[in-house]
Amino acid sequence: MATAMAMRGGSSDGGGSDRGAGMDSGKYVRYTPEQVETLERVYADCPKPTSSRRQQLLRECPILANIEARQIKVWFQNRRCRDKLRKESSRLESVNRKVSAMNKLLMEENERLQKQVSQLVHENAQVRQQLQNTSMANDASCESNVTTPQNPIRDASNPSGLLSIAEETLTEFLSKATGTAIEWVQMPGMKPGPDSVGIVAISHGCRGVAARACGLVNLEPTKVVEILKDRPSWFRDCRSLEVFTVLPGANGGTIELVYTQLYAPTTLVPARDFWTLRYTTIVEDGSLVVCERSLSGSGGGPSAASAQQFVRAEMLPSGYLVRPCDGGGSIVHIVDHLEFEAWNIPEVLRPLYESSRVVAQKMTTAALRHIRQIAQETSGEVVYALGRQPAVLRTFSQRLSRGFNDAISGFNDDGWSIMAGDGIEDVVVACNSTKKIRNVSNGVNAFEALGGTICAKASMLLQSVPPAILVRFLREHRSEWADYSMDAYLASAVKTSTCSFPGLRPMRFSGSQIIMPLAHTVENEEILEVVRLEGQPLSHDEVLLSRDIDMLQLCTGIDEKSVGSSFQLVFAPIDDFPDDAPLVSSGFRVIPLDMKTVKRFHPHYSPVLTFCRSPCALFAICFC
């Protein structure tokens, strides 16, 4: 029979008590199951009752008549202590499981590195032997077998050969994820540990650019695979992913022919696309694998008119290996290996496509961070302000990013057309007649009347400007660069009330802003917030009319310790948070270019600043 005991406090008179024999100081009270049940019900409603509440409990519960108020107080103290110990024990067990799984990952990584060292030592001995036995040094004799074989892109014109291509892709991917097919080096600034995003590495001396990450997530393998295959939901540079063909594969798996489009990171480079085979299967140890590689030909791809806006890039065997983890959760291995064909862009900008670090930051760790974020939201570890649901706020973040990327790339099939500018160094003004904003007063859409949305955008190369400081300045000193009249005009278009901003009367911006955080990602590398801009009327008659503007804002990389591939400040006026709330994104993107190729042209630390102001229907050009 379950019992609960509490020590009686206070001094003793050395004798017995009518309220309970043997309940003197230094002795214990043995509670009956009925008394414990009563106290537990009270504890569930109020874990820390006041003195008056305990007295009321004794009066209303005859079953506690033989218990003193002081003993009730001690019972609740002990009960809270047990709860605290139970939670701490649960937390320590979770940490222990995480440390054990991380230790397993590190042991596997150590074993892989030992194999790589042995292979390199063997190859070095072979090269030395060849040099001793021949009088002519041969470049081919010095090449490392560790480099990924440069296989040509496979042709998928014969459906019967797709399975063999898929199996070959699986073998090559696994050799990169857990073997020595690529020489991996630790990503600078990414140290593995129980609280880190995972073990992140970048390629050294292989074809193209490659990155690898492995980490722990508190999600089942099937859920992890489902999330990772939906690339547009977590990869902000992914414009679209379309599956054209689905065929059955081995072990209940599937073979898919996939067409993927990526946004351009700046206005100075063209966008990329991929035509790939994606193979989903289960391997012998029960792990789930999704591997992918490029195919030759454009079968199932876009129309010729759309394809002209993209440069066809190549995806070498890449993918995800997801293993079930002891005690729940999954161990995830991610490999991204790409060849972006950067020969057709200015040399100073080629690091955007020729740096393995950029791929690691934009794709590989972004995928790992996204599933870790969802795992924490699912477990209830993340609670956001104002009672907003995490999935809803994540959707608004994605819409802000997508709107900004849409304006930067300016694809014809999205309705964009160039109005002015040469697209290289000048500010480019583009118009989109298909983007509409909800109707305002008198049922007339302000931007529809002007033929749609007008956007001004440009990119420039800056010297000796740390990206984090620049983005933080833009965030904290809006009054020094923002055009309040434009923000007021756009805000009037999204206001549900027709009384707001009548006729866009002249206003004065007070320069004050109130930043209200809404959500942030696990490592705080991305922050979603609402910024309230305070307006001041110019006449006494307008004092009672609200002139404040609310901006939904997405910040990335405002911490000076940030090591991301891009730093952003993207914003859009917003009136509320309905699913159909219009978001017309404007903002800034700062991409650091501190690679060796840039230093040949610019000796100082140089970022690329890309800015976009949309819409600016009342202005020919709006330079922010």
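Two strands count as paired if DSSP finds at least two bridges between them. I start there because the strands come up first today, and bridges are how I will describe them. One caution before the details: this is a predicted model.

Let me begin with strand β8, residues 254-262. On one side, β8 pairs with strand β7, residues 238-248, in the antiparallel sense, and that pairing has 9 bridges. You can find one position of this pairing by looking at P248, which stands opposite T254 in β8. The two strands β7 and β8 make a hairpin, with 5 residues between them. In that turn, N251 has a positive phi of about 55°.

Strand β8 also has a second partner. That is strand β9, residues 271-282, which runs antiparallel to β8 and is joined to it by 8 bridges. If you want a pair to look up here, take I255, whose bridge partner in β9 is Y279. How many of the 9 residues of β8 are buried? The count is 8, so that strand is mostly covered, given that buried means under 20% relative accessible area.

Next, a strand further along the chain, β22, residues 586-593. For β22, 8 of its 8 residues are buried. Both faces are covered: on one side sit S586, F588, V590 and P592, and on the other G587, R589, I591 and L593. Strand β21, residues 567-573, is antiparallel to β22, with 5 bridges joining the two. Within that pairing, L569 stands opposite F588.

Now to the helices. Helix α4 covers residues 162-177, which is 16 residues. From first C-alpha to last, α4 reaches 22 Å, close to the 22 Å expected at 1.5 Å a residue. Its buried residues are L162, I165, A166, T169, L170, E172, F173, K176 and A177. Notice that E172 and K176 are on that list.

Two other helices cross. Helix α5, residues 221-229, and helix α8, residues 356-378, have axes that come within 10 Å and cross at roughly 130°. What do we call that arrangement of α5 and α8? The word is oblique, because 130° falls outside the ranges for parallel, antiparallel and perpendicular. The crossing of α5 and α8 is right-handed.

Then there is a spot where separate parts of the chain meet. T50 lies in the loop between α1, residues 33-45, and α2, residues 51-60. K73 is found in helix α3, residues 69-133. Along the chain, T50 and K73 are 23 residues apart, while their C-alpha atoms are separated by 9.0 Å. S51 and K73 are 22 residues apart in sequence and 8.1 Å apart in space, again C-alpha to C-alpha. The side chain of T50 also has a polar contact of 3.1 Å with the side chain of S52.

Are T50 and K73 buried or exposed? Neither word fits: T50 has a relative accessible area of 47%, so it is partly exposed, and K73, at 39%, counts as partly exposed as well. The partly exposed class takes values between the 20% and 50% cut-offs.

I will finish with a single residue, E341. Where is E341? Its place is in the loop between β14, residues 330-339, and α7, residues 351-354. E341 has a positive phi of about 55° although it is not a glycine. With a relative accessible area of 27%, E341 is partly exposed.

Notes: Residues are numbered from 1 along each chain as its sequence is written. This is a predicted model: local features need pLDDT of at least 70, side-chain atom pairs count only at pLDDT 80 or more; totals for chains, interfaces and linings use all residues. Side-chain values use heavy atoms; hydrogens and water are left out. Helices (H or I, at least four residues) and strands (E, at least two) are DSSP runs, numbered from the N terminus. The expected span of a helix is 1.5 Å times one less than its number of residues. Buried means under 20% relative accessible area, exposed over 50%, partly exposed in between (1.4 Å probe, protein chains only). A polar contact is a pair of N or O atoms within 3.5 Å; within protein, one must be able to donate a hydrogen and the other to accept it, and residues adjacent in sequence count only if both atoms are side-chain atoms. Axes are lines fitted to C-alpha atoms, for helices over the stretch in contact, and angles run from 0 to 180 degrees between N-to-C directions. Angles under 35 degrees count as roughly parallel, over 145 as roughly antiparallel, 65 to 115 as roughly perpendicular and the rest as oblique. A crossing is left-handed if the near helix is turned anticlockwise from the far one by less than a right angle, and right-handed if clockwise.
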